[in-house]
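Thanks for coming. I will take one helix pair and one pocket, and keep it short.

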Amino acid sequence: MTSELAAIYPFTRFAHISLVLVSGALFTLRGLAVLQGQPWAMRPAVRLLSYGIDTALLSAAVLLLVILELNPLLTPWLLTKLGLLLVYIVLGSLALKRARTRPVRLACYLAALLCYGFMLSVALTHSPQGVWVWFRA
């Protein structure tokens, strides 16, 4: 890691963690609103806010990979996070707009939240097993 990149690491890490939490909170609120039939959750301004937060989050993640010189395809816990991210995106899309019935939206919403939580546990433990690493004998 070069000294220039090392200098921005703390800010980038803080930004990434903060954006993860803000993105998750916004998804949680929007999902609840969609399930309750609230139109504000799918208004263009709210969707653009979500896209902006997620774009900044992805940018911070890529910058962290560069700073730390990590290859997510060769780092098991990062590869797990990437796979979970894809599942989370699909479930989130189904929960917010693509699923046709309320029960399916609810199931996808809850599954997306579980996926989000597991991604957090993978990040915290730096293990593909996430939270389950704490329960190993």
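**Helix packing and the pocket**

H1 and H3 are roughly parallel to each other, therefore, as angles under 35 degrees count as roughly parallel. Their axes come within 10 Å and cross at roughly 25°; axes here are lines fitted to C-alpha atoms, for helices over the stretch in contact, with angles from 0 to 180 degrees between N-to-C directions. H1 covers residues 3–35 and H3 residues 76–98, helices being DSSP runs (H or I, at least four residues) numbered from the N terminus.

This is a predicted model, with residues numbered from 1 along each chain as its sequence is written. Local features need pLDDT of at least 70, side-chain atom pairs count only at pLDDT 80 or more, totals for chains, interfaces and linings use all residues, and side-chain values use heavy atoms, with hydrogens and water left out.

Which residues of H1 make the contact (heavy atoms within 4.5 Å)? They are His16, Phe27, Arg30, Gly31 and Val34, and they meet Lys81, Tyr88, Gly92, Ala95 and Leu96 of H3. That set divides into five nonpolar, three polar and two charged residues. Ala, Val, Leu, Ile, Met, Phe, Trp, Tyr, Cys and Pro count as nonpolar, Asp, Glu, Lys and Arg as charged, and the others, Gly among them, as polar.

As for the whole protein, there are four helices, and the elements run α-α-α-α from the N terminus on. The C-alpha trace spans about 50 × 40 × 20 Å along its principal axes.

Note on methods: Helices (H or I, at least four residues) and strands (E, at least two) are DSSP runs, numbered from the N terminus. Angles under 35 degrees count as roughly parallel, over 145 as roughly antiparallel, 65 to 115 as roughly perpendicular and the rest as oblique. Contact means heavy atoms within 4.5 Å.
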